[in-house]
Amino acid sequence: MWIPILLVVLVVGIKLIALYLAARADVRKTQKVFGKTAAGASGTFHLIRTATESHPKAKKVLVTGASTLLGRRIVAALQQQLGPEKVSIATFDREGCPEADDPTISVMQGDLCNTAHLKVALRQCHAVIHAHDLGPDAAVKASEFDWVNHQGLTQLIEVALAQDVQVLLYASSILSQVPESGVAEGSALTHDARHPPAPCGHYAASKAAAERMVMACNSHAIRTAVLRTGWVYGTEGGQVVLEPCGTGEVVPPPHVRVPLAWVEDVARAHVTALKQLLWPETPRPKLAGRAVSLAHLPADTPAWQEACQQLGVAASSSASSSWLSRLLGFSPPPGPVSSSALSHDVVVEASGLEELLPGWQPSPWGQALGQVRGKVAGQQVEEVGDKKRR
């Protein structure tokens, strides 16, 4: 008689422990995302490095999210394409920046949701490239996406307007335009399409709300633009990286095409957009107050599985951190993107790109793939050489 009761108590106890562990894991993730201490208070601000050299006519450009794959490449593209004579680069991120040893870059570490930190970071800035966001994670709640991707950006805009920042570029996601039911078969997304009434998930909804705010605040006081990216890929640490574009555990079916974007192309597009808005040739630059989508041309993009095979990456994402809950019979938390949104091809229309972003075109898929493979091979050769010298 007592054995069934003990078994029920044991099962209930294990499930309660599983819920507690899952909740603690979510808290730790949220604290890491928001840059907060274990006690929940905002982290401190650190000025890691001040640029030792600055041209008197250079304009200060702040890059947020500089520790990410895209953020690092934007910083490098600013250095290569504009140089210290035109821009003085500063980075602001919760994790600092790998380029902290570069004497030409000011590096700040702090909480992007802390107004006091933003006031220091944006001091004397002419332009901001906001590449930071709360990325894909199935355990993240809708309120957390909204807080970082939407409300956090609201604070940044308020500080930027108060401190006379002239330009704001917002790195967003093409998913902000994808409805929950997916893109209709045979149709394509356009650069100026309206946001769907029901975006394809929490992540997409937060990015769509942020985009509307960025484009609405474009005025004589500040010129703004949104640069949407697809699934961004590139090299990092000698390996190919393919970022899942806010999809979490949801991956496209093997035969579906999604907008792929080489990180070098995306970084180059941000520099092109910055030049148009920070040094405008006309009183009303065409990109001001508008959005543009950055990806390989649709006819040049292979299906998901084929693209992953050519890049040498897995076609599926990693397992969820909530495996214990699933093991004990709980439903996993809803992902940031609905699976039905990727049931058909997600294609971005190529027309209108030259008008909004003159001088920029995405690299052909084959050319970008060759560059990525070449970088990985070169890194491997260097590693072999280092081992032999040891």
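## Ser-363 and its surroundings

Leaving aside neighbours within four places in sequence, Ser-363 is in contact with Trp-262, Asp-265, Arg-268, His-296, Asp-300 and Ala-368. The model is a predicted one. Ser-363 sits in the loop between α9 (353-356) and α10 (365-389).

Is Ser-363 buried or exposed? The relative accessible area of Ser-363 is 10%, and the cut-off for buried is under 20%, so Ser-363 is buried. One of its contacts, Asp-265, is also a polar partner: the side chains of Ser-363 and Asp-265 make a polar contact of 2.8 Å.

## The protein as a whole

The protein has 390 residues, and 48% of them count as buried. Its secondary structure consists of 10 helices and 11 strands. The accessible surface is about 18,400 Å², and carbon and sulfur atoms account for 56% of that surface.

Contacts can also be sorted by how far apart the two residues are in the sequence. Among contacts with a separation of 6 or more, 79% are between residues 24 or more positions apart.

## Nonpolar cores

The largest nonpolar core is made of 70 residues. Which residues have the most contacts inside this core? They are Leu-78, Leu-169, Tyr-233, Leu-260 and Leu-274. Helix α6 gives the most to this core, with 9 residues. There is also a second, separate core of 25 residues, and Leu-62, Phe-92, Leu-112 and Val-159 are among them.

Leu-78 shows what such contacts look like for one residue. Not counting residues up to four places away in sequence, Leu-78 touches Val-61, Val-63, Gly-83, Val-87, Ile-89, Ile-129, Val-271 and Leu-274. One of these, Leu-274, is itself listed with the most contacts inside the largest core.

## Helix α6 and Glu-264

Helix α6 covers residues 263-278, and Glu-264 lies in this helix. Glu-264 counts as buried because its relative accessibility is 18%, and buried means under 20%.

Which residues does Glu-264 touch, apart from those up to four places away in sequence? They are Arg-73 and Lys-375. With Lys-375 there is also a polar contact between the side chains, at 3.0 Å.

## Helix α2 and Gln-80

Gln-80 is found in helix α2, which spans residues 69-81. The relative accessible area of Gln-80 is 61%, and exposed means over 50%, so Gln-80 is exposed.

Gln-80 can be compared in position with Arg-268. Along the chain, Gln-80 and Arg-268 are 188 residues apart, while their C-alpha atoms are separated by 9.9 Å. Arg-268 has already appeared as one of the contacts of Ser-363.

## Helix α7 and the residue after it

Helix α7 runs over residues 304-311, and its buried residues are Trp-304, Ala-307, Cys-308 and Leu-311. Why are these residues on the same side of α7? They cover an arc of only 100 degrees around the axis, and this puts them on the same side of the helix. Just after α7 comes Gly-312, with a positive phi of about 80 degrees.

## Cysteines

Cys-308 has a relative accessibility of 1%, so Cys-308 counts as buried. Cys-125 counts as buried too, because its relative accessibility is 4%. How many disulfides does the structure hold? The number is 0.

## Two loop residues

Ala-58 is placed in the loop between β1 (46-49) and β2 (59-64). At 12% relative accessibility, Ala-58 counts as buried. Setting aside residues up to four places away in sequence, Ala-58 touches Pro-84, Glu-85, Lys-86, Val-87, Ser-88 and His-126. Ala-58 and Glu-85 are 27 residues apart in sequence, and their C-alpha atoms are 5.4 Å apart in space. Val-87 also appears among the residues touched by Leu-78.

Ser-340 lies in another loop, the one between α8 (323-327) and α9. The relative accessible area of Ser-340 is 33%; partly exposed covers values between the 20% and 50% cut-offs, so Ser-340 is partly exposed. Apart from neighbours within four places in sequence, Ser-340 is in contact with Glu-180, Ser-181 and Gly-182. Val-183 is 157 residues from Ser-340 in sequence, and the C-alpha to C-alpha distance between Val-183 and Ser-340 is 9.6 Å.

Terms used
Residues are numbered from 1 along each chain as its sequence is written. Side-chain values use heavy atoms; hydrogens and water are left out. Helices (H or I, at least four residues) and strands (E, at least two) are DSSP runs, numbered from the N terminus. Buried means under 20% relative accessible area, exposed over 50%, partly exposed in between (1.4 Å probe, protein chains only). Contact means heavy atoms within 4.5 Å. Accessible areas come from the Shrake-Rupley method with a 1.4 Å probe; for residues, only the protein chains shown count as cover. A polar contact is a pair of N or O atoms within 3.5 Å; within protein, one must be able to donate a hydrogen and the other to accept it, and residues adjacent in sequence count only if both atoms are side-chain atoms. A disulfide is a pair of cysteine sulfur atoms within 2.5 Å. The arc is that of the directions from the helix axis to the C-beta atoms. A nonpolar core is a set of buried Ala, Val, Leu, Ile, Met, Phe, Trp, Tyr and Cys residues joined through side-chain atoms within 4.5 Å.
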